[in-house]
Amino acid sequence: MRTSQPQTIYLSDYKVPAYLVDTVDLRFELFEDGARVHSTLAIRRNPDSQESAAPLELDGDSLVLESVALDGTALSDGDYENRGEQLVIRSVPERFSLSVVTWIEPQNNTRLEGLYKSSGMFCTQCEAEGFRCITFFPDRPDVMARFRTRIEADREAYPVLLSNGNDVDRGELDDGRHFVTWEDPFPKPCYLFALVAGDLVEKRDTFTTCSGRDIDLRMYVEPRNAEKCDHAMDSLKRSMRWDEDVYGREYDLDIFMIVAVDDFNMGAMENKGLNIFNSSCVLASQETATDLAFQRIEAIVAHEYFHNWSGNRVTCRDWFQLSLKEGFTVFRDSQFSADMGSPTVKRIEDVTLLRTAQFAEDGGPMAHPVRPASYMEISNFYTLTIYEKGAEVVRMIHTLLGPDLFRKGSDLYFQRHDGQAVTTDDFVRAMEDASGRDLSQFRLWYEQAGTPVLTVSDEFDEGRGVYRLTIEQTIPDTPGQSNKKPQHIPFALGLLGSDGQPLPLRLSGDETEAPTERVLELTEGVHTFEFHGIPSEPVPSLLRHFSAPVRVRYPWTREQMLFLMNHDPDGFNRWDAGQRLAVDVIQRLIGSPDDAAIDPRLVEAYRKLITDTGLDQALVAKMLQLPSEAYLIELAESADVPAIHRARERVLEHLAVALRDELVACYQRQHDSGAYEVTPEAIARRSLRNTALGWLLMINDDEGRALAVRQLNEADNMTDRMGALRALVNSDYEADRRQALDDFYDRFRDDPQVVEQWFSVQAASDRAGQLSDIEQLLVHPAFDWKNPNKIRSVIGSFAGQNLAAFHNPDGSGYRFLADQVCRLDDSNPQIAARLVTPLTRWRKFAPAYSSQMQSALERIRDKEGLSRDVYEVVHKSLAG
Ligand SMILES: [Zn+2]
């Protein structure tokens with residue numbers, strides 16, 4: 001814990017490391033009361049460093065130093081300085097070997113950074129700065145070394161001992177102990193180091209690479225989870241093949257391992273050859289995981305695997321470059337998911353997250369560029385901006401270059417920088433060099449924060465057959481940045497004629513046949529485009545596929561929205577037109593009297609969606625989801641959440657009443673026959689069925705209730721079981737709700753991942769998740785303050801999804817969250833800092849709410865010994 005004000009670290013202060021480490025030799029002695037770490041580093045001065053007389057400075061955190069030796073000679077106290085967070089040795093030769101022995105206590109490590117114990121097993125999390133909690137080391141990604149790791153532990157308690165690379169030696173020791181030695185031939189930064197020791201079962205498979213090498217694939221899980229590995233293993237093999245086919249990337253070690261851990265701050269971690277996963281992001285079976293979980297697991301397994309090249313072989317020079325690996329890898333995993341399922345649905349899901357949560361971040365106090373210029377605590381920068389907006393930036397390069405030149409660019413990037421720690425600028429330069437395109441203005445996407453706004457206006461000259469489109473670009477101010485320069489924006493569009501047919505887009509000067517979709521490149525504050533040969537006033541289909549992460553302002557009429565919903569050949573924009581219509585209808589109702597009319601055209605549009613079986617059912621399933629409360633808040637100037645919640649519920653209920661018979665028919669029609677499958681068609685069927693069920697229970701329909709109870713009892717998969725449970729939990733059938741929750745818990749009480757879903761479905765519900773219910777969940781025997789998943793499933797779901805309850809006008813939700821953040825700040829500051837997020841958006845809300853949110857933040861700020869993680873978030877939120 002700190003008493004002084006945390007320091008800000010600036011990108012502009014970057015200097016190359018004064019010392020390099022060629023090899024790291026580690027020996028871990030693992031015991032129940034602690035672990036002794038012997039580290040021997042081969043160090044030399046960096047010839048590229050200007051600081052030829054710099055002392056050796058190694059980072060450390062919470063370490064007990066037992067001894068230091070230089071070239072085999074023990075150093076005495078006067079030869080070095082142990083400052084706790086740094087070990088400093090003033091005088092060292094050009095090249096030397098340094099041996100350090102430290103003692104750590106993994107069993108007491110509640111921060112879950114470095115080496116810690118979870119359910120009786122040892123495991124590590126070193127990104128971003130966890131390795132310094134294991135031993136003294138230059139803990140920065142541009143120091144890349146070859147690691148050799150020997151692990152010693154009790155054989156019976158810890159039969160499985162794992163680290164990065166290939167296992168090269170193993171044997172018995174005295175006192176029932178044993179050891180395994182691992183060697184990783186690829187130089188890597190210490191954040192990719194991993195160690196696991198435990199009593200785990202092994203699942204094996206193999207993969208033959210494109211050059212014919214056989215790779216040994218292994219998953220390690222607790223014995224009770226042995227049957228939940230197949231999906232992740234299959235996903236891994238699909239990812240390996242896809243990365244060969246699409247990016248030409250072959251796996252490089254002989255073994256690839258995945259370990260599942262229950263207590264984990266993140267989703268998963270791409271340690272070289274030894275990926276460590278949060279159990280909830282890797283374990284799945286038909287009975288215990290929803291379709292959403294199956295898809296998420298496939299995506300995360302792919303993401304971590306793809307890091308082997310985009311992150312591990314080519315890594316980040318410093319943490320300001322985090323998006324170099326994350327933005328690119330999220331783009332790669334989204335391409336992969338699109339190829340495995342429905343590209344339109346995948347795009348809708350990505351954009352929904354981006355527009356709801358990343359746009360909110362970009363408009364809030366923590367707004368930062370994709371490549372930030374400063375930070376206090378790097379853990380706070382694992383953000384939607386770095387990941388999701390970073391991926392959009394790479395996607396725009398892909399759009400501007402086209403798939404072939406993009407591939408040439410990525411090949412050049414991997415070849416040029418293999419084994420190096422580089423910057424986002426190196427990535428862009430490789431794309432430029434391979435394509436011959438100038439991306440200098442495009443680089444502003446990495447430097448400027450904030451979501452660009454495109455204001456679009458149009459006019460049609462009937463006499464000349466000319467349609468003129470004017471697009472003006474502005475970028476709002478963000479903390480520390482104003483008067484921004486126009487960015488280079490790819491803007492995809494089409495025009496539809498009055499018969500719904502796409503029109504050829506002939507710009508002045510076009511000779512050849514014109515396409516019906518074009519990508520316009522916006523580089524200036526204002527652009528005007530003239531399309532010729534347009535027979536009658538067209539309906540514009542703007543920003544197709546969401547070709548850039550921007551907001552578009554255009555005065556849509558409801559007729560135009562309905563027209564696009566029916567005719568747009570771009571599935572994404574078809575969905576978006578429906579969302580826009582629903583938003584428009586809901587927004588009109590906010591604060592209006594309870595008998596205000598709801599546009600009958602919305603009902604008819606939804607009736608068509610539910611009844612027209614000729615439409616793409618996966619798209620229909622998405623189109624039937626009303627815009628979320630979080631998205632409506634994001635669109636509001638001064639949000640009154642309970643009013644938004646009521647307006648949205650009124651529209652839902654109105655639709656459900658009007659379409660009651662169609663919903664029952666849709667439910668009956670979508671029933672599954674045959675074996676459970678996770679295909680886009682089957683997922684769409686279950687989604688439609690569960691949406692219909694949810695709507696019927698919203699209006700307390702007795703037939704719906706009977707269907708839900710039957711589905712809950714007969715379901716052979718978690719998607720249907722959870723769909724029925726959620727519908728009952730969100731209904732007014734209180735006795736059924738209680739019964740359903742109790743039965744569900746009794747059935748799954750021994751499965752932590754399912755219990756997390758059980759917590760979450762209640763905490764996210766405005767019926768079952770009032771504050772008093774949440775307080776009950778926190779004292780439930782299955783709740784565990786040491787387990788981040790449980791914390792997220794109760795506190796995170798309440799504050800992030802149960803918005804009407806969280807934003808209770810009496811401020812109780814805010815005070816509750818502040819109390820939980822303060823409580824967690826001592827044990828797990830990373831998780832505490834992430835939980836603060838809903839409060840940081842206080843400026844978005846109506847004054848009655850924002851003032852209370854501010855007080856809650858002040859309450860956290862005044863906590864004694866606040867961690868650096870929470871300090872940064874709270875201070876930035878309150879500033880200005
Ligand atoms: Zn990642």
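**Zinc site and largest cavity**

Me: What coordinates the zinc ion here?
Reply: In this predicted model, the zinc ion is coordinated by NE2 of His303, NE2 of His307 and, listed twice, OE of Glu326, at 2.0 to 2.7 Å.

Me: And which geometry does the site of the zinc ion have, going by the angles among its 4 donor atoms?
Reply: The site is irregular, with angles of 54 to 152° among those 4 donor atoms; four donors would count as tetrahedral if all angles lay between 85 and 135 degrees.

Me: How are the donor residues spaced in sequence?
Reply: The spacing reads H-x3-H-x18-E. His307 and Glu326 are 19 residues apart and link distant parts of the chain, with His307 in the loop between helix H2 (291-306) and strand S22 (315-316), and Glu326 in helix H3 (residues 322-340).

Me: Are His307 and Glu326 buried or exposed?
Reply: Both His307 and Glu326 are buried.

Me: Switching to cavities, how many are there of 30 Å³ or more?
Reply: The count comes to 3 cavities of 30 Å³ or more, and the largest cavity holds about 70 Å³ of space.

Me: Which helices supply at least two residues each to the lining of that largest cavity?
Reply: Those are H3, helix H4 (343-362) and helix H5 (384-401), with H5 giving the largest share, 4 residues.

Me: What is the lining like by class, and which residues are in it?
Reply: By class, the lining of the largest cavity has 5 charged, 4 nonpolar and 1 polar residues. The lining residues are Val330, Phe331, Ser334, Arg347, Asp350, Leu354, Glu388, Ala391, Glu392 and Arg395.

Key. Residues are numbered from 1 along each chain as its sequence is written. This is a predicted model: local features need pLDDT of at least 70, side-chain atom pairs count only at pLDDT 80 or more; totals for chains, interfaces and linings use all residues. Side-chain values use heavy atoms; hydrogens and water are left out. Donors are N, O and S atoms within 2.8 Å of the metal (3.2 Å for Na, K and Ca); water is not among the atoms, so sites may look incomplete. Four donors count as tetrahedral if all angles lie between 85 and 135 degrees; four count as square planar and six as octahedral if opposite donors are over 155 degrees apart and all others between 65 and 115; anything else is irregular. Buried means under 20% relative accessible area, exposed over 50%, partly exposed in between (1.4 Å probe, protein chains only). On a 1 Å grid over the protein atoms alone, a cavity is a set of points where a 1.4 Å probe fits but cannot get out, and a pocket is an open set with protein on both sides within 12 Å along at least five of seven lines; lining residues have an atom within 4 Å of a point. Grid points are joined across faces, edges and corners, and a volume is the space filled by probe spheres set on the points. Ala, Val, Leu, Ile, Met, Phe, Trp, Tyr, Cys and Pro count as nonpolar, Asp, Glu, Lys and Arg as charged, and the others, Gly among them, as polar.
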